[in-house]
Amino acid sequence: MNGMKKIGIIIGSLRKGSFCRRAALALIPLAPKGVELEILEIGGLAMYNQDLDEGAPPPEWVAFREQIKRIDAILFITPEYNRSIPAVLKNAIDVASRPQGKNVWNGKLGAVMSLSPGGLGGFGANHHLRQTLVCLNVITMQQPEAYIGGAATLFNEQGELINDTTRTFFKQFIDAFNVFINRVSRV
Ligand SMILES: Cc1cc2nc3c(=O)[nH]c(=O)nc-3n(C[C@H](O)[C@H](O)[C@H](O)COP(=O)(O)O)c2cc1C
């Protein structure tokens with residue numbers, strides 16, 4: 001891997017005041033030297049329908065697949081919806097996994113962070129997502145695990161992270177992901 005390392009961030013929420021988006025924005029300036037974090041938007045992707053892949057697929061699908069091809073690694077930051085991941089996130093994952101045989105996730109390096117205002121920190125979503133990443137051959141960092149609970153208390157009204165313990169953890173997390181990427185890329 002030469003030059004700047006690009007990590008895409010996919011946020012599993014479309015909400016304007018999303019805690020997951022706030023977490024992503026807090027992580028971006030914590031990126032280690034040589035690493036660029038970029039949010040990849042998924043809200044404009046039509047629901048996956050295989051018929052559309054049999055002709056000319058929607059341009060947003062094509063553009064999203066190209067974005068995934070270009071990044072070195074992917075960080076998912078997701079809320080939990082009914083103990084799983086939100087449909088919008090699953091849709092984005094499905095879109096980039098098709099057409100059959102052209103799964104652009106294949107071999108990407110990945111990491112997962114889940115957030116919730118509740119105490120469990122989106123544990124269920126985190127592990128449902130990991131199950132799908134196994135199927136798509138996203139080589140996913142195991143440790144540190146990131147289940148961010150009490151999300152409503154972590155940000156001020158401007159959406160800025162105000163909890164120093166969480167900031168320290170975010171820094172450890174993104175540094176660990178960088179080390180993981182370097183280690184696995186060298187194999
Ligand atoms: C359809 C739906 C289902 C939800 N299910 C869960 C859940 O299973 N576990 C949980 O901790 N929070 C659940 N929540 C609450 C979300 O954690 C909360 O809305 C959170 O703020 C969403 O993330 P965001 O702030 O990034 O949008 C649910 C919310 C919605 C809208």
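Here a biologist asks about a predicted model and a modeller answers.

Biologist: How are residues numbered?
Modeller: The model is predicted, so local features need pLDDT of at least 70 and side-chain atom pairs count only at pLDDT 80 or more, while totals for chains, interfaces and linings use all residues. Along each chain, as its sequence is written, residues are numbered from 1.

Biologist: Which strands pair with E4?
Modeller: Helices (H or I, at least four residues) and strands (E, at least two) are DSSP runs, numbered from the N terminus. Two strands pair if DSSP finds at least two bridges between them. Six bridges join E4 to E3 in parallel, with Gly-110 as the partner of Ile-74. E4 also pairs in the parallel sense with E5 over two bridges and with E6 over two bridges, which gives E3, E5 and E6.

Biologist: Which residue of E5 is the bridge partner of Gly-110, and which residue of E6 stands opposite Leu-115?
Modeller: Strand E4 covers 109-115. In E5, Gly-110 has Thr-140 as its bridge partner. In E6, the residue opposite Leu-115 is Ile-148.

Biologist: How many residues of E4 are buried?
Modeller: A residue is buried if 20 or more other C-beta atoms lie within 10 Å of its own, exposed if 12 or fewer, and partly exposed in between; C-beta atoms are placed from the backbone. Leu-109, Ala-111, Met-113 and Leu-115 point one way from E4, and Gly-110, Val-112 and Ser-114 point the other way. Both sets are buried. E4 is largely enclosed by the rest of the structure, because the buried count is seven of the seven.

Biologist: Is the crossover from E3 to E4 right-handed or left-handed?
Modeller: E3 and E4 run parallel. The chain passes from E3 through H4 to E4 as a β-α-β crossover. A crossover is right-handed if, with the strands pointing away from the viewer, the path from the first strand over the helix to the second runs clockwise. This one is right-handed.

Biologist: Through which helix does the chain cross from E1 to E2?
Modeller: E1 and E2 run parallel and are joined by five bridges. Lys-5 has Val-35 as its bridge partner in E2. The β-α-β crossover between these strands is right-handed, and its helix is H1.

Biologist: Which element gives the most to the largest nonpolar core?
Modeller: A nonpolar core is a set of buried Ala, Val, Leu, Ile, Met, Phe, Trp, Tyr and Cys residues joined through C-beta atoms within 7 Å. The largest has 46 residues, and those with the most contacts inside it are Ala-23, Leu-75, Ile-77 and Met-113. Elements giving two or more residues include E1, H3, E3 and H6. The top contributor, with six residues, is H1.

Biologist: Which residues does Ala-23 touch?
Modeller: Two residues are in contact if their C-beta atoms, placed from the backbone, lie within 7 Å. Residues up to four places away in sequence are not counted. The partners of Ala-23 are Ile-77, Met-113, Leu-115 and Ile-148.

Biologist: Why are the buried residues of H5 on the same side?
Modeller: Ala-125, Asn-126, Leu-129 and Leu-133 are buried in H5. The arc is that of the directions from the helix axis to the C-beta atoms. These residues share a side of H5 because they cover an arc of only 100°.

Biologist: Which strands do the buried residues of H5 pack against?
Modeller: On the other side of H5, Gln-131, Val-134 and Cys-135 are exposed. The buried residues pack against E3, E4, E5 and E6.

Biologist: Which residues of H6 are buried?
Modeller: H6 has 23 residues and reaches 33 Å from its first C-alpha to its last, close to the expected 33 Å. The expected span is 1.5 Å times one less than the number of residues. Cover for its buried residues includes E1, H1, E3 and E4. The buried residues are Phe-170, Phe-173, Ile-174, Phe-177 and Ile-181.

Biologist: Which prolines follow a cis peptide bond?
Modeller: The bond from Arg-98 to Pro-99 is cis, with omega near 0°, and Pro-99 is in the loop between H4 and E4. The bond joining Gln-143 and Pro-144 is also cis, with omega about 0°, and Pro-144 is in the loop between E5 and E6. The prolines are Pro-99 and Pro-144.
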